[in-house]
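Thanks for making the time this morning. I would like to walk through one model with you, beginning at a ligand, moving on to a metal, and ending with two points of backbone geometry.

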Amino acid sequence: MCFDSCLIKARLLEWLKSLHKDIIIKITSKNVIRSLFSVLHTTSRDMENTHLQPDLSEQNGSNYDREKELIAFDETKAGVKGLVDAGIQKLPSFFVVPENEVSSIASPKLSPTYVQIPFIDLKDIDEDTDRHKEIVEQIRNASETWGFFQVVNHGISKEVMEGMIEGVRRFHEQPTEVKMEYYSRSQRKKVKYNSNFDLHKAKVANWRDTLYCYMPYGDEPDPEELPEVCREMSVKYSEHARGLAVTILQLLSEALGLEPNHLIDIDCDKGLNIVSHYYPACPEPNRTLGATPHKDPFFITILMQDHIGGLQVFHQNQWIDVRPLPGSFVVNIGDLLQLISNDKFKSAVHRVLASHIGPRISVACFFKSHLSSSDRLYGPLKELLSDENPPLYRESGVMDYLIKYNTKGLDGGTTTLNHFRL
Ligand code: OGA
Ligand code: NI
């Protein structure tokens with residue numbers, strides 16, 4: 001495809017305009033147009049009646065250059081939302097899941113209504129000793145059997161929850177030129193946005209874009225670094241989420257038979273990564289996923305989802321919907337908590353379905369130790385070990401763990417934990 005001809009450029013602009021009027025206003029850089037066109041033109045074979053038929057000869061069969069398409073997509077810095085805004089009707093190939101994996105997505109078995117992830121009401125947790133014990137028991141049971149549970153009466157107001165969802169919506173829906181300033185894959189940036197953190201490693205790309213704000217305790221980014229449209233809410237939300245994490249980690253410590261502050265004392269709450277996903281409506285939801293099956297790498301994840309749904313957890317050989325319950329948070333155990341609990345608590349595989357309905361917004365708070373200040377090693381907690389319960393894992397730093405996790409990207413749930421198993 002020769003982009004140097006003025007004629008082609010003019011016709012390309014015309015073609016893009018015909019797809020979506022706004023795109024010309026939103027996208028001014030020629031490089032962006034070039035990249036976007038490169039992504040779009042593989043899918044355009046299915047578009048009839050367009051007055052510009054791109055040269056598809058390079059895209060057929062074995063000459064399909066996936067890496068080139070990924071780079072072109074990345075260079076738009078407009079994410080999946082950019083494709084949707086451009087009026088795409090067919091998925092670029094790098095989003096399409098292999099034929100043999102399609103069946104569980106295309107006709108997902110409705111999860112039986114009587115199987116639901118554990119629901120835990122935190123009301124009166126500090127007022128009533130018996131109630132407190134009961135809640136610890138529920139958390140222990142949920143963490144051993146499911147690795148997932150939903151909490152209500154957690155003390156975070158509806159205003160804070162809805163305010164954060166709206167802040168995330170504003171970030172992803174602001175003009176592309178503003179948003180693209182944050183587009184980055186640098187590990188060093190505390191605040192960044194991109195589409196698919198594992199774009200160049202994962203087998204299939206996911207139908208979502210993500211904003212990341214790393215807010216470690218005492219070493220938070222300068223508020224100026226946070227996007228203006230969600231600055232105030234992100235700071236407020238991080239404080240509330242951290243407070244809830246402390247409560248949950250105390251309950252989990254007790255559920256392991258330890259002192260309430262045990263998991264806090266070993267820094268499980270100090271590094272907070274707020275990961276805000278935007279899943280645009282998908283024109284072909286049966287051919288891709290919002291998130292590939294995976295386990296979360298850290299100690300705990302506290303997730304807020306909006307009303308759309310699509311999150312599922314793999315439990316006893318079937319996918320179970322995690323229903324969006326207004327005002328609730330989803331809590332799940334990550335790999336590192338499975339490791340330090342010596343397999344007592346389970347890190348469960350989960351995924352997100354794509355949908356015709358959207359956008360869907362979710363905010364995942366991942367809790368780990370703060371990477372730059374902690375060289376702490378994590379192994380099975382000594383207090384839990386005995387002759388009958390010998391250690392199952394060697395010690396690992398959070399960074400080692402993360403490097404292993406990130407070498408593959410989301411990979412269908414194959415656990416990184418196996419690398420650390422004795
Ligand atoms: C994640 C995740 C689920 C969701 O960010 O790890 O599983 O509902 N998110 O967005
Ligand atoms: Ni996850």
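**Ligand, metal and backbone**

Let me start with serine 362, where an N or O atom of the side chain lies 2.6 Å from an oxygen atom of ligand 1. Please keep in mind throughout that this is a predicted model. Two other side chains offer comparable pairs to discuss: tyrosine 279 places an N or O atom 2.6 Å from an oxygen atom of ligand 1, and for histidine 294 the corresponding distance to an oxygen atom of the ligand is 3.0 Å. As for how far ligand 1 is enclosed, the accessible area that it has on its own is 290 Å², and the protein covers 96% of that.

The space that ligand 1 takes up is the largest pocket. Which elements give two or more residues to the shell around the ligand? They are strand 5, running over 271-279, strand 11, over 350-353, and strand 12, over 360-368, and of these it is strand 12 that gives the most, with four residues. If you would like to select the surroundings of ligand 1 on your own screens, they include Leu303, Leu311, Val352, Arg360, Ala364 and Phe366, along with His277. By character, the shell divides into six nonpolar residues, four polar ones and two charged ones.

Now to the metal, which is ligand 2, a nickel ion coordinated at 2.1 Å by His294 through NE2, by Asp296 through OD and by His350 through NE2. Those three residues, His294, Asp296 and His350, are also among the ones that surround ligand 1. Along the chain, the donors of the nickel ion follow the spacing H-x1-D-x53-H. Histidine 294 belongs to strand 6, residues 289-294, while histidine 350 belongs to strand 11, and so this pair ties together parts of the chain that lie 56 residues apart in sequence.

I will finish with the backbone, where two places deserve a look. The peptide bond leading from glycine 358 to proline 359 is cis, with an omega near 5 degrees, and proline 359 itself is in the loop between strand 11 and strand 12. The second place is asparagine 196, which is not a glycine and yet has a positive phi, of about 65 degrees; this asparagine 196 is located in the loop that runs between strand 3, at 191-194, and strand 4, at 209-214.

Terms used
Residues numbered from 1 in each chain as written. Chains lettered and ligands numbered in written order. Predicted model: local features only at pLDDT ≥ 70, side-chain atom pairs only at ≥ 80, totals over all residues. Heavy atoms only, no water. Near = heavy atom within 4 Å. Polar contact = N/O pair within 3.5 Å; in protein donor to acceptor, adjacent residues only side chain to side chain. Areas by Shrake-Rupley, 256 points an atom, 1.4 Å probe, with all protein chains shown as cover. 1 Å grid on protein atoms, 1.4 Å probe; cavity = no way out; pocket = protein on both sides within 12 Å on 5 of 7 lines; lining within 4 Å. Sits in = over half its atoms within 2 Å of the grid points. Nonpolar A, V, L, I, M, F, W, Y, C, P; charged D, E, K, R; others polar. Donors = N, O, S within 2.8 Å, 3.2 Å for Na, K, Ca; no water.
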